Structure formats: C-alpha cells, structure tokens
Amino acid sequence: MQSNIHKYTQGYHNLINNLITTLHTDLQSIIGNQLISLLQQPNLSTKFSSMIFSEDQYKIFNILTNSWGQQELSKHPYFFLTGLAGTGKSFMIQQIVNFLKVKNIRYLLIAPTGVAAQNVGGQTIHSALHIRNTQTYFETLSHYNEQQQIELSQIDAIIIEEVSMVSSILLSFISKLFAKIHKKSVPFGGIQTLLIGDLAQLPPVNGKQVFYAPEWQEFFPLFLTTSHRQHNDKLFYNILQEMRVGILSSQTINLINEKVLSYQNNTSINTTYICGFRHEADSINNLICGFLPIFENISSGSLISVAVDYLNNIECEPKEYDKQFRHHTNLPSELTIREGARVMFLTNKLFNENLCNGSIGVVTKLIDEDNIEVAFPIDSGINQVIVKKMTAYFELNGAPAQRTQFPLQNAFALTVHKTQGLTLPHATISLDEQMFANGQAYVAMSRATSWQNIEIRSFNPNAIKVDNEMLAELNRLQQKFNDFHSLYL
C-alpha cells in the first residue's frame with residue numbers, strides 16, 4: 001500500500017516538473033512548492049478495509065449493515081453518524097457506499113457544498129435534486145420533469161454528508177420531496193437515510209441549524225471517537241476536543257500561548273492564513289501577491305481584475321453595490337492575478353473534471369484580460385485549465401442585476417467559512433476578536449492535520465465560542481445513544 005502511495009507521489013512530482021520547466025527559476029520554486037504542498041494524498045485501498053477499522057468504526061459499520069433499512073423489514077431507516085474532525089467520517093462513507101454497491105442498493109450521496117461532495121465522490125444537494133432557491137423558499141424542477149422523477153423514485157438509500165451546513169428547512173424539503181415521490185407521509189418517504197457531520201462545525205449560512213427540523217428527532221446517533229487524521233498527534237486531538245465544547249484546560253491554554261510566543265511574523269506563501277473577517281483575508285492576499293516576482297519576457301505581468309456590475313441594465317461604478325451583490329453572488333469585486341498566486345475556484349461548472357467551488361490551485365499563466373491558466377491538484381494528478389470570466393445573473397430589490405468576473409478568489413488567506421470541508425497542509429490562524437461566531441475557532445484549528453502544522457498569531461480565550469443549543473443537542477444525542485444503542489447491537 002505504501003509503495004502505491006510512493007508511486008502516486010512520484011508521478012505527481014513528475015507532473016509538476018513538466019508543468020514548470022518553461023517558467024523562470026524563481027517562479028518554478030514558487031509554483032512548484034505550492035503544488036507540492038497542495039498534494040492530495042490518495043485514498044488508501046479499501047480492499048481489506050475491515051482489517052483497518054478502529055473498534056468504534058467496526059461497531060458502527062455492523063450496526064449500519066445489519067440494522068439500517070426500511071421499517072417494513074423490522075429495521076431502522078434513520079441514523080446520524082457524527083464525530084469530531086479527523087475521526088474517519090469520510091472513510092466510513094466509503095465503506096457504506098461499498099456495502100450498498102455489493103448489495104445492489106441504489107443510493108444517492110449528496111452534500112451541501114462542492115468541496116464536501118467532491119471529497120466523498122458525491123453530488124451537491126442542489127444539482128442532484130434539481131433544487132432552485134427562490135428568495136423565500138426552495139423548489140425542485142424535478143416536479144416538472146418525468147425522467148428526473150423516475151430516477152429519484154428508484155433511489156433506495158440517501159446519504160447526506162456535512163449535514164451541519166444543511167438548514168432545518170432544507171432537510172425538511174428533501175424529506176418531503178421523497179415522501180411525495182413515494183406517496184408516503186413518513187420522513188424521506190421511508191427511504192433509509194444516513195446523515196453525517198459534526199454539529200460543532202459552522203452552522204448553515206442561511207436558516208436554522210439542522211437539528212431544528214422535525215424529521216431530525218427520528219435519527220438515531222452513532223459516535224466516532226477515535227482520531228485518525230491526528231492519529232499520530234493525540235495532543236492535538238485532545239485540544240480539538242476541548243475547543244469543540246468550549247472548555248480549555250490550563251495545559252491547552254499554555255500550549256496555545258507557546259505557539260503565539262514562537263510565531264515568526266514573516267509573511268509566507270507556504271501556509272494558508274485563516275481569518276474571521278473577509279477584509280483581513282483580502283489584506284493578506286494583497287500583501288503576498290505584491291511580493292510575487294514579475295519577469296519581463298517570461299511572465300505575463302499582473303492584472304487586477306475588477307468586476308463589471310450592472311443594475312437595472314445600467315453599468316455601475318466599480319464596487320458601488322459590492323455589499324448588496326455579496327448576498328447574491330460569490331464572484332469577487334476585485335481579484336489580483338499574478339503568476340504564482342494561489343486561487344480558489346468558485347463554481348461547480350467543472351464538477352465532472354474534479355473541480356468545484358472550493359478547489360485550490362495556482363496561477364501558471366496570465367494569457368490575457370479574459371483568460372488565465374491555473375493548475376489545480378486533483379485526485380488523479382493535476383488539472384491545468386483555462387479559466388474564463390463568467391457572468392452571474394440575479395435580482396436585487398426586484399431589479400435585474402449581474403456581475404462579470406473570473407470565478408476565482410485569492411487564496412493565500414481565506415475566511416473560516418471558505419475553509420470548511422478543506423484539509424490544509426499548513427495553517428496560520430489568529431485566535432482573537434476575529435473569531436466572532438460560534439464554532440469558528442474550532443473549524444479553523446481542525447483544518448490542519450497536526451499540531452506541528454499550525455501557527456497561531458494571537459490568542460484571546462474569548463475567541464473560543466460555542467453554541468449552547470448545539471451543546472445541549474449533542475448531550476441529548478449522547479443520552480439517546482447510551483439509553484438505546486443496545487437495540488442495534
């Protein structure tokens with residue numbers, strides 16, 4: 001298995017070397033080092049997966065393979081699999097999917113974001129269920145398409161990943177959609193449904209948390225408790241556990257303070273700065289992009305791409321309606337483009353090419369004002385694509401509006417919300433007033449794979465914020481598991 005990973009890594013390095021040979025020596029190292037740090041480790045073979053289950057994973061796998069199913073078969077249709085970052089939730093999805101395939105059970109694997117869907121080989125909720133958001137509610141176009149209705153009616157199992165980012169209204173909408181398709185007035189039309197996620201992570205951007213949905217009460221919880229992402233770093237795992245519930249021990253406080261004291265304040269491209277506020281991320285991105293070299297005759301220079309906005313068919317002044325437009329499109333008002341700049345892709349339109357909203361890559365060539373060449377690391381190697389400007393259309397206070405811009409944002413620094421679902425090779429964070437919302441500090445810290453790969457610029461214990469209603473729900477779920485888990489063993 002290790003030799004396969006070595007071959008994969010070696011092949012990836014060869015791809016990078018071929019890609020950067022035409023660049024200036026300084027750009028070769030800037031682009032090459034970033035692509036190496038963004039290397040996606042391949043999934044370990046699951047051929048002998050039962051041999052590499054931890055004890056908690058093995059028990060949960062047995063419960064799901066024996067007790068998860070339709071009530072008519074004396075089984076329970078609804079389970080919620082949870083655990084903090086790094087306990088193997090994605091690994092368990094692979095095992096369950098393999099089981100469903102072997103049993104010829106037709107399943108739907110969906111997630112609220114492109115990154116979360118791509119991580120587990122699924123689809124986004126909106127694309128799979130043909131959902132369209134209006135200003136006040138959801139609707140599905142499948143009601144008007146007989147072929148789509150037939151396809152959805154043949155689904156026997158539903159798996160929803162990163163369910164903490166799904167609002168209560170959206171979960172209820174999905175449930176009612178399948179209830180309508182199957183003409184059954186029970187949650188999800190009685191289809192076996194598995195929800196997966198960590199309630200301590202960031203809540204949905206719009207709407208109440210998922211556990212306020214009436215259907216939520218039907219789900220039986222299963223807890224993963226063994227760290228895998230941080231398996232060589234028990235110390236880090238314990239720190240994350242404390243941050244998750246908002247109670248830091250004196251040892252953890254001392255360890256964080258040591259990190260702050262040892263922090264070297266020299267802006268680096270070999271880390272991702274995670275910020276609470278967008279303006280802080282923008283400042284860091286502009287600073288680092290300004291340090292990137294430009295070489296005459298070799299690099300194409302740099303470009304600040306300013307979005308072209310229209311409101312009511314009249315062109316706006318640059319950034320004139322930026323605050324209002326932000327609620328309707330993720331295309332940035334301004335983007336700094338330079339060879340060697342790290343960027344995040346902002347659309348799911350190339351989902352079938354393993355690129356999604358949240359994919360991170362490096363600019364390799366500025367072709368012209370409308371075309372940029374970007375290299376994105378993907379599971380199978382590197383996807384080098386020409387990114388073109390796109391136009392987002394929407395309504396603002398009833399008037400037609402649009403923004404034209406590259407579907408990219410600078411990504412040396414990202415807000416916490418943009419990092420949810422990502423695993424970062426190295427992260428630099430500020431645990432201070434920037435972390436203004438519940439769960440932000442926990443999510444920021446848990447993006448890294450080890451304590452060694454985190455730098456902390458500042459620390460204020462008040463930055464560790466948690467939602468008391470979420471904690472109460474976790475306690476209720478734990479009590480439910482304690483009282484009734486023997487029914488499923």
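**Exercise 1. A salt bridge at the edge of a strand**

Task: In this predicted model, the side chains of D156 and R106 meet in a salt bridge. Find the N to O distance, then work out which parts of the chain the pair links.

Solution:
- Step 1. Start with the two side chains: between D156 and R106 the N to O distance is 3.4 Å.
- Step 2. Now place each residue. D156 sits in the loop between helix 7 (146-153) and strand 6, while R106 belongs to the loop between helix 4 (89-102) and strand 2. The pair therefore links distant parts of the chain, 50 residues apart.
- Step 3. Check the accessibility of each partner. D156 has a relative accessible area of 26% and R106 has one of 47%. Partly exposed covers the range between 20% and 50%, so D156 is partly exposed, and R106 is partly exposed too.

**Exercise 2. Strand 6 and its neighbours**

Task: Which way do the side chains of strand 6 (residues 157-160) point, and with which strands does strand 6 pair?

Solution:
- Step 1. Recall the general pattern: side chains in a regular strand alternate between the two faces of the sheet.
- Step 2. Apply it here. A157 and I159 point one way, I158 and I160 the other way, and all are buried.
- Step 3. Look at one neighbour. Strand 2 (residues 107-111) pairs with strand 6 in the parallel sense over 4 bridges, and I158 is the bridge partner of L108.
- Step 4. Turn to strand 7 (residues 192-197), which runs parallel to strand 6 and is joined to it by 4 bridges. Here I160 stands opposite L195.
- Step 5. Trace the connection: strand 6, helix 8 (residues 168-181) and strand 7 make a right-handed β-α-β unit.

**Exercise 3. Two further salt bridges**

Task: The structure holds 11 salt bridges. Among them are D322 with R326 and D370 with K389; is each of these residues buried or partly exposed?

Solution:
- Step 1. Take D322 and R326, whose closest N and O atoms are 3.4 Å apart. Buried means under 20% relative accessible area, so D322, at 10%, is buried. R326 is partly exposed at 37%.
- Step 2. Widen the view: D309, D322, R326 and R403 are linked in a network of salt bridges.
- Step 3. For D370 and K389, the closest N and O atoms are 3.7 Å apart. D370 lies in the loop between strand 15 (360-368) and strand 16 (371-378), and K389 in the loop between strand 17 (381-388) and strand 18 (390-396).
- Step 4. Finish with accessibility: D370 is partly exposed at 42%, and K389 is partly exposed at 30%.

How values were computed:
Residues are numbered from 1 along each chain as its sequence is written. This is a predicted model: local features need pLDDT of at least 70, side-chain atom pairs count only at pLDDT 80 or more; totals for chains, interfaces and linings use all residues. Side-chain values use heavy atoms; hydrogens and water are left out. Buried means under 20% relative accessible area, exposed over 50%, partly exposed in between (1.4 Å probe, protein chains only). Helices (H or I, at least four residues) and strands (E, at least two) are DSSP runs, numbered from the N terminus. Two strands pair if DSSP finds at least two bridges between them. A crossover is right-handed if, with the strands pointing away from the viewer, the path from the first strand over the helix to the second runs clockwise. A salt bridge is a side-chain nitrogen of Lys or Arg within 4 Å of a carboxyl oxygen of Asp or Glu.
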